[in-house]
Amino acid sequence: MKSINRWIYGPTPEEKVKGWQTKLRQQERQLDREIRNLEVASSKSRIELKQLAKKNDVKSARILAKELVRANKQRDRLESSKARVKSVNMQLQHQLSMVKVTGAFQKSTEIMKTTNALVKLPQLSATMREMSMEMMKSGIMEEMMEETLDAVNDDEELEEEADAEVDKVLFELTDGKLGQAGAVGGALPENKEEEEESEEEIQRMRREMQELLNS
């Protein structure tokens, strides 16, 4: 009888919530992996940055510091998104409790607002859009405006913030050797081979960081 009812009426509220929560946990694990990858890459970059400071290779250090700033901001954004995922999970559990009392889902402005924010993150966009449609059909959310769903391209803003933070990062990670006022024109390594090796290593680390940021 239960399978027949499911075929006629579709999944029960309990089954819907369980399915959504499973998807949310999968997204949370994905965010955890990306955060760990960024932390590993950032740790390597900090070590390399200090080595560049010893060589007084300001040019390469500033390039690497900029990527490090971008990675830190991306990690903060992922951490914030992870907290939102947990919030939606908890709110869905509350919805399930309300179903037992009222027999139906209740509209939730909080779920809609939090889900909208998650849709803007490329890593979660597809899954959160799908869940949004399902929750709209279930009566939890109202239909979202298209401009709300559009991902926000904040690369330009991130670039400006990175520029402003580079000196600060250099100063902190190199114990004040780089990042001070007027340090931009500092000398490059005198040894040509060291310079070329340093440049190759910087480019490699930069590519790895970019791949993480764009994933």
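Helices (H or I, at least four residues) and strands (E, at least two) are DSSP runs, numbered from the N terminus. With the whole chain displayed, the pattern along the sequence reads α-α-α-α-α-α-α-α, and the secondary structure comes to 8 helices and 0 strands. This is a predicted model, in which local features need pLDDT of at least 70 and side-chain atom pairs count only at pLDDT 80 or more, while totals for chains, interfaces and linings use all residues. Residues are numbered from 1 along each chain as its sequence is written, and side-chain values use heavy atoms, with hydrogens and water left out.

Before selecting anything, colour the chain by accessibility: of the 215 residues of the protein, 39% count as buried, where buried means under 20% relative accessible area, exposed over 50% and partly exposed in between, with a 1.4 Å probe and protein chains only. Contact here means heavy atoms within 4.5 Å, and among the contacts with a separation of 6 or more, 79% are accounted for by residues 24 or more positions apart.

Select helix 2, residues 13-55, together with helix 3, residues 58-102; their axes come within 9 Å and cross at roughly 160°. Helix 2 is therefore roughly antiparallel to helix 3, a term for angles over 145 degrees, as against under 35 for roughly parallel, 65 to 115 for roughly perpendicular and oblique for the rest. The axes are lines fitted to C-alpha atoms, for helices over the stretch in contact, and the angles run from 0 to 180 degrees between N-to-C directions. Helix 2 passes helix 3 in a left-handed crossing, and by class their contact has 20 nonpolar, 9 polar and 12 charged residues. Staying on helix 2, place a distance between its end C-alpha atoms: they are 63 Å apart, which agrees with the 63 Å that its 43 residues should span at 1.5 Å a residue.

Next, select N56, which follows helix 2 and lies in the loop between helix 2 and helix 3. Although N56 is not a glycine, its phi is positive, at about 60°. Most residues other than glycine have a negative phi. With 31% relative accessibility, N56 counts as partly exposed.

Now move along helix 3 to Q91, which is buried, with a relative accessible area of 15%. Show its neighbours: leaving aside residues up to four places away in sequence, Q91 touches S108, E110, I111 and T114. For one of these, E110, the C-alpha to C-alpha distance from Q91 is 8.2 Å, across 19 residues of sequence.

Finally, select helix 4, residues 109-119, and helix 5, residues 125-137, whose axes come within 8 Å and cross at roughly 155°. Helix 4 is therefore roughly antiparallel to helix 5, and helix 4 passes helix 5 in a left-handed crossing. To see the contact, display I111, T115, L118 and V119 of helix 4 with S125, M128, R129, S132 and M135 of helix 5. By class, this contact has 5 nonpolar, 3 polar and 1 charged residues.

Notes:
A crossing is left-handed if the near helix is turned anticlockwise from the far one by less than a right angle, and right-handed if clockwise. Ala, Val, Leu, Ile, Met, Phe, Trp, Tyr, Cys and Pro count as nonpolar, Asp, Glu, Lys and Arg as charged, and the others, Gly among them, as polar. The expected span of a helix is 1.5 Å times one less than its number of residues.
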